[in-house]
Amino acid sequence: MDFLDLDHVEFHVGDARQAAYVLSAGLGFRLLAQGGPETGLPGQRSLLLGQGDCRVLLTSGLEQGHPAARYVARHGDGVAVLAFGTPDVTAAYAGAVAGGALGLEPPRERGGVVTAVVSGFGDVVHRLVERRGAGGGFLPGLVAVPQASGSPGRAPGAQEGSPGPELVRAIDHAAVCVPDGCLDDTVAYYREAFGFEVVFEEYIEVGGQGMFSRVVQSPSGGITLTLIQPDGAREPGQVDDFLAWHGGPGVQHLALSCADVAGAVDAMAARGVGFAPTPDAYYDTLPVRPAERLRSRGVLLDRDHWGELYQIFATSLHVRRTFFWELIERHGARTFGTANIPALYAAKERELAALRVPAARGGVVAK
């Protein structure tokens with residue numbers, strides 16, 4: 001099986017237009033295409049946003065029985081589809097099903113785009129996408145929006161006719177929370193159904209909490225999933241929170257790669273996006289003094305055998321405090337920062353701690 005990249009991510013949301021406004025106004029995304037009943041998408045409204053090579057599809061159900069409406073009723077707004085690009089959907093679909101995936105929609109070609117759908121984890125599925133030629137649309141039923149002056153995604157302050165600066169390049173990885181006891185089976189599933197392999201693993205401690213993390217990646221290196229499981233022998237914590245508040249396994253965050261993470265933090269903060277604070281004590285433990293432009297913005301930094309990376313978590317924009325965004329800037333680094341990971345989750349813990357209503361594992365609720 002040959003999976004090239006993360007073609008796009010689809011969120012199911014209660015209000016696609018409102019969600020698009022938040023991504024445009026806060027993170028600098030632009031509206032690229034839209035569709036609904038009038039374009040051949042019955043019962044739904046979908047908006048495609050983009051920035052760099054990152055494509056995010058937002059879908060709202062217009063009827064109670066629509067899959068997007070049912071997803072939102074169970075989980076709130078969240079990632080429902082991780083789409084994998086492939087040069088041959090038919091072969092990829094057959095290989096995934098032979099490896100244990102549930103075939104949900106067989107291969108179908110429309111307008112030069114071949115798609116199929118297979119099972120993923122929880123209520124998240126994988127759309128397989130093959131693009132034949134350069135003339136087709138992004139997905140059937142989506143109509144391109146002219147990128148003219150004043151289009152919805154234009155960055156505030158950009159000159160008329162200018163698309164404005166792009167803050168992010170692509171999706172670096174998706175982080176997935178699975179229940180206690182499910183990590184081994186989930187890793188095995190991605191190995192057997194998609195040919196992914198484990199490229200990194202770590203045990204993370206934040207106070208009395210513990211988390212097991214394994215990173216699986218496609219052979220191309222274009223698709224990376226960080227799988228996280230709470231340690232049931234330790235205190236309940238933020239992964240338990242996600243599983244309870246989201247209502248099962250799901251995508252906890254997406255990491256957006258940046259050419260200049262400090263500049264992206266400044267631009268997004270000016271638009272109202274918050275970021276998890278980092279205490280000064282973190283920087284005092286580093287072997288080298290960080291650049292002031294990173295420290296003053298709370299950006300974490302680490303290195304591996306191949307180079308450096310800088311990371312920061314945004315605060316959640318979701319009412320359930322489930323999904324959030326990460327910004328990451330790599331300078332040769334291929335892993336996820338052994339020292340950074342506990343610090344990142346410690347920062348997220350400070351944000352979430354005030355929201356918890358104490359309860360037993362699996363029964364924690366957000367205020």
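Ala, Val, Leu, Ile, Met, Phe, Trp, Tyr, Cys and Pro count here as nonpolar, Asp, Glu, Lys and Arg as charged, and the others, Gly among them, as polar. These close-ups come from a predicted model, in which local features need pLDDT of at least 70 and side-chain atom pairs count only at pLDDT 80 or more, while totals for chains, interfaces and linings use all residues. Residues are numbered from 1 along each chain as its sequence is written, and side-chain values use heavy atoms, with hydrogens and water left out.

**View A. The second largest cavity and its lining.** The lining residues here divide into four nonpolar, three polar and three charged. A cavity is a set of points, on a 1 Å grid over the protein atoms alone, where a 1.4 Å probe fits but cannot get out; a pocket is an open set with protein on both sides within 12 Å along at least five of seven lines, and lining residues have an atom within 4 Å of a point. The volume of this cavity is about 60 Å³, counting the space filled by probe spheres set on grid points that are joined across faces, edges and corners. To find your way around the wall, look for Gln238, Asp241, Phe242, Trp245, Gln252, Arg321, Thr322, Phe324, Lys348 and Leu352. Helices α5 (238-246) and α9 each supply at least two of the lining residues; helices (H or I, at least four residues) and strands (E, at least two) are DSSP runs, numbered from the N terminus. With four residues, α5 provides the largest share of this lining.

**View B. The largest cavity.** In total, four cavities of 30 Å³ or more are counted in the model, and the largest of them holds about 130 Å³ of space. Its lining takes in 16 residues, and His173, Thr226, Phe336, Ile341 and Tyr345 are the ones nearest the centre. At least two lining residues come from each of β10 (170-177), β11 (197-206), β12 (209-217), β13 (224-230), β16 (308-313) and α9 (340-353). Which element gives the most to this lining? Helix α9 does, with three residues. Sorted by class, the lining of the largest cavity has 10 nonpolar residues, five polar and one charged.

**View C. The largest pocket.** This pocket has a volume of about 830 Å³. Glu10, Val81, Glu105, Val117 and Arg127 are closest to its centre, out of 30 lining residues. Strands β1 (5-12), β3 (44-51), β4 (54-61), β5 (78-85), β6 (103-110), β7 (113-121) and β8 (124-131), together with helix α2 (67-75), each contribute at least two residues to the lining. The wall of the largest pocket is made of 14 nonpolar, eight polar and eight charged residues.

**View D. The second largest pocket.** Here the space amounts to about 330 Å³. Of the 19 residues in its lining, Val13, Ala19, Asp77, Leu317 and His318 sit closest to the centre. Helix α1 offers the largest share of the lining, four residues. By class, the lining of the second largest pocket comprises 10 nonpolar, six polar and three charged residues.

**View E. The salt bridge between Asp123 and Arg74.** This is an example of a salt bridge (a side-chain nitrogen of Lys or Arg within 4 Å of a carboxyl oxygen of Asp or Glu). In Asp123 and Arg74, the closest N and O atoms are 3.0 Å apart. The pair links distant parts of the chain, as Asp123 lies in the loop between β7 and β8 and Arg74 in helix α2, 49 residues apart. Are these two side chains buried or exposed? Asp123 is partly exposed at 33% relative accessibility, and Arg74 is also partly exposed, at 43%. For these labels, buried means under 20% relative accessible area, exposed over 50%, and partly exposed in between (1.4 Å probe, protein chains only). The whole structure has 16 salt bridges.

**View F. Arg132 and its two glutamate partners.** Arg132 and Glu109 meet through their side chains in a salt bridge of 2.8 Å, N to O. Because Arg132 lies in the loop between β8 and β9 (143-144) and Glu109 in strand β6, the pair ties together parts 23 residues apart in sequence. Glu130 also forms a salt bridge with Arg132, with 2.9 Å between the closest N and O atoms. Arg132 is partly exposed at 42% relative accessibility, as is Glu109 at 45%, whereas Glu130 is buried at 8%. Through shared partners, salt bridges join Glu109, Glu130 and Arg132 into one network.

**View G. Val97 in helix α3.** Val97 has its place in helix α3 (residues 89-98). At a relative accessible area of 35%, Val97 is partly exposed. From its C-alpha atom to that of Ala16 is 32 Å, and the two residues are 81 residues apart along the chain.
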